[in-house]
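Colleague: I've just opened this one and want a quick tour. Put it on screen and we'll go through it.

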Amino acid sequence: MQIKVPKEIQIGTLIYKVYLDESLDDAEYDGSAFHSKLQIRINPAIPDARKALSLLHEIIHTFSKPFDVFPNDREINLLSTALGEFLFNNLGIEFDWSDIPTMKLVIEETQR
Ligand SMILES: [Zn+2]
């Protein structure tokens with residue numbers, strides 16, 4: 001079952017925008033959470049299975065501020081992999097990224 005990744009994800013009272021960011025590939029990052037900008041950015045160059053895990057990983061990072069929990073990256077990897085196992089392997093969910101803008105398009109849009 002395909003589920004569209006939403007452009008915005010509400011975490012507590014905060015709303016994070018989701019982007020595909022090509023510059024992450026140069027830095028060899030799968031994803032990143034920019035808390036000051038309320039953005040979750042995912043590397044579009046990696047395989048979809050890694051994109052999906054990366055999104056879960058970055059979402060767990062965003063829990064830190066509103067829920068006052070600060071797991072380290074190893075703990076986040078355990079949680080995101082376990083959650084991914086359930087969502088993807090047991091429920092058969094696949095993420096559809098077609099609604100998610102790339103950072104390049106975002107820059108072009110703001111220059112208009
Ligand atoms: Zn991390």
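Colleague: Which residue in E5 stands opposite Ala-33?

Modeller: Ile-40 does. Before we go on, this is a predicted model: local features need pLDDT of at least 70, side-chain atom pairs need 80 or more, and totals for chains, interfaces and linings use all residues. Numbering starts from 1 along each chain, as its sequence is written.

Colleague: And the labels?

Modeller: They are DSSP runs numbered from the N terminus: helices are H or I with at least four residues, strands are E with at least two.

Colleague: In which sense do E4 and strand E5 pair?

Modeller: Antiparallel, over four bridges, with E5 covering residues 39–42. Strands count as paired if DSSP finds at least two bridges between them.

Colleague: How many residues lie between E4 and E5 in the hairpin?

Modeller: Four. Leu-38 is in that turn.

Colleague: What is phi of Leu-38?

Modeller: Near 55 degrees, so a positive value in a residue other than glycine. Most residues other than glycine have a negative phi.

Colleague: Where does Leu-38 rank on burial: exposed or partly exposed?

Modeller: Partly exposed, because 15 other C-beta atoms lie within 10 Å. The scale is buried at 20 or more such neighbours within 10 Å, exposed at 12 or fewer, partly exposed in between, with C-beta atoms placed from the backbone.

Colleague: Back to the strands. In what order do the four strands of the open sheet run?

Modeller: E2-E3-E5-E4, with mixed pairing. The edges are E2 (8–11) and E4 (31–34), each pairing on one side only. Neighbouring strands are turned by 25 degrees against each other on average, direction ignored. Axes here are lines fitted to C-alpha atoms, for helices over the stretch in contact, and angles run from 0 to 180 degrees between N-to-C directions.

Colleague: Which helix packs on the sheet?

Modeller: H2, residues 48–62. It touches E2, E3 (14–20), E4 and E5. The direction of H2 makes about 25 degrees with that of E4. Contact means C-beta atoms, placed from the backbone, within 7 Å.

Colleague: Where do the parallel and antiparallel pairs sit?

Modeller: E3 and E5 run parallel, joined by four bridges. Lys-17 has Gln-39 as its bridge partner in E5, and Tyr-19 has Arg-41. E2 and E3 pair in the antiparallel sense, also over four bridges. Glu-8 stands opposite Lys-17 there.

Colleague: How many residues sit between E2 and E3 in their hairpin?

Modeller: Two. Gly-12 in that turn has a positive phi of about 60 degrees.

Colleague: Core next. How many residues does the largest nonpolar core have?

Modeller: It has 14. Val-18, Ile-40, Ala-52, Leu-55, Leu-56 and Ile-59 have the most contacts inside it. A core is a set of buried Ala, Val, Leu, Ile, Met, Phe, Trp, Tyr and Cys residues joined through C-beta atoms within 7 Å.

Colleague: Which elements give two or more residues to this core?

Modeller: E3, E5 and H2. H2 gives the most, with six residues.

Colleague: What does Ile-59 touch?

Modeller: Ile-9 and Ile-40, leaving out residues up to four places away in sequence.

Colleague: How many residues of H4 are buried?

Modeller: One of its 18, so H4 is hardly covered.

Colleague: How far apart are the end C-alpha atoms of H4?

Modeller: They are 24 Å apart, which agrees with the 26 Å expected. The rule is 1.5 Å times one less than the number of residues. Gly-92 follows H4, with a positive phi near 75 degrees.

Colleague: What about the loop between H3 and H4?

Modeller: Asp-68 is found there, between H3 (64–67) and H4 (73–90). Its phi is positive too, near 55 degrees. Asp-68 counts as exposed, because it has 7 C-beta neighbours inside 10 Å.

Colleague: Last topic, the whole chain. What is its radius of gyration?

Modeller: It is 14 Å, in agreement with the value near 13 Å for a compact globule of 112 residues. That is over C-alpha atoms, with the globule rule at 2.2 Å times the number of residues to the power 0.38. The C-alpha trace spans about 40 × 30 × 25 Å along its principal axes.

Colleague: How many helices and strands are in the chain?

Modeller: Five helices and six strands. From the N terminus on, they run β-β-β-α-β-β-α-α-α-β-α. Buried residues make up 23% of the chain.

Note on methods:
Two residues are in contact if their C-beta atoms, placed from the backbone, lie within 7 Å.
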